[in-house]
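Visitor: Could you take me closely through the aromatic pairs of this structure, with attention to how the rings are placed and what surrounds them?

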Amino acid sequence: MGQVRLYIDQPLGGGQEAGLDTAQAHYLGGVMRLGPGAEIEAFNGRDGGWSAQIVELGKRGGRIEAVAQVRPPLPPPDLWLMFAPIKKARTDFIVEKATELGCARILPVATEFTQAGRIARDRLQAHAVEAAEQCGGTHVPEVAELSPLTRVLDGWDEGRRILWADESRVGPAETLAGLPRGPWAILIGPEGGFSEAERTRLGGSGVVTPVSLGPRILRADTAACAAITLWQAALGDWGGSRMT
Ligand code: SAH
C-alpha cells in the first residue's frame, strides 16, 4: 500500500509544524496504526505534497513536522461540476468521482425536479478530502451549499461557459474538441431531467453549450463521470500524448 496521505488545512513548509485534530489523530493512530517518527505525506491544497513526520500523537490530537516537498502543487483545470443531488449514496459517489477525475469546485444545485431538499455539505466535503487523499491529488474541490439553479444562473459570471448535459439530445455522442478552452462548468440534471422552463432558460443563454452523452440515457452519477471524462480528454489536463 502507498504512503498515508493527509489533508491538513494549515501552512506547510520545511521544518514547519502542523497540528492534528481528533479525527486525524484517530485516523493515523487508530486506523493506520502509525506512531511518532512515522512518515506520511501532507497537503493543504496550496503547497503541493510534503513528506512529514509524526512528532506527537494522542487520542485527541497530535503534531506533524513537514520535511520536504515531494510533489508540486497539481491544481485541476478550472472545471466546476454542477449537479442536482440525488440519493445519498449516489451523491457521495458523484463528489468522490468528481474529485478523482479532476474538478476544481462542486456545486449542488436544486432544479425543479430535484428530489433531495437538503444535502449534508460537511459530509460531502469530507468525501472530497478523502478522495483527494486517496488519488494523489493536492487539491480538494470546495463543495458549495445547495443553491437553486435559477439563483446560480442569475449570478453567473459570463466568462465561464456551461456544458449542459441535455438528455433530449440522446443520440450519437458529440465531440467537445473544438470548443474553446478556459473556465467551464458541467451541468447534470436529476433523475427527472430538466423542466421546460429550465430548458428554455438554458437554451437561450449564450454561455451554455448543450451536449449529448451518447445513445443511452445515463443515471445522473454515470452522466457526471462521462461528461467530466469527455471534457478532460478534449479540453482539460488528460490530453497530450499520443499512443504509439
Ligand atoms: N428522466 C430523464 C433522464 C434524466 S438522466 C429522461 O428520461 O429523459 C439524469 C441527467 O443525466 C440528465 O438530466 C442529463 O443531465 C444527464 N444525461 C443522462 N443521459 C444523457 C445523455 N445521453 N445525453 C446527455 N445528458 C444525459
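Guide: What follows is a close look at aromatic rings in this model, which is predicted. A search of the whole structure finds three aromatic pairs, and two of them can be described in detail here, beginning with W80 and W156. The ring centres of W80 and W156 are 5.9 Å apart and their planes stand at 80°; since planes over 60 degrees apart count as edge-to-face, that is the geometry of this pair. W80 belongs to strand β6, residues 79-83, whereas W156 sits in the loop between α4 (149-154) and β10 (161-165), so the contact ties together parts that are 76 residues apart in sequence. Both W80 and W156 are buried.

The ring of W80 also has charged company: the charged end of R160 sits over it, 3.7 Å from the ring centre, and R105 lies over the face of W80 as well, at 4.6 Å from the centre.

Turning to the other pair, W164 and F194 are likewise arranged edge-to-face, with 5.7 Å from centre to centre and 90° between the planes. Here W164 is part of strand β10, while F194 lies in the loop between β11 (184-188) and α5 (196-203), so this pair ties together parts that are 30 residues apart in sequence. W164 has a relative accessible area of 3% and is therefore buried, and F194, with a relative accessible area of 5%, is buried too.

Notes: Residues numbered from 1 in each chain as written. Predicted model: local features only at pLDDT ≥ 70, side-chain atom pairs only at ≥ 80, totals over all residues. Heavy atoms only, no water. Phe/Tyr/Trp six-rings, centres within 6.5 Å; stacked < 30°, edge-to-face > 60°. Helix = DSSP H or I, 4+ residues; strand = E, 2+ residues; numbered from the N terminus. Buried < 20%, exposed > 50% of the residue type's maximum accessible area, 1.4 Å probe, protein only. Lys NZ or Arg CZ within 6 Å of the ring centre and 35° of its normal.
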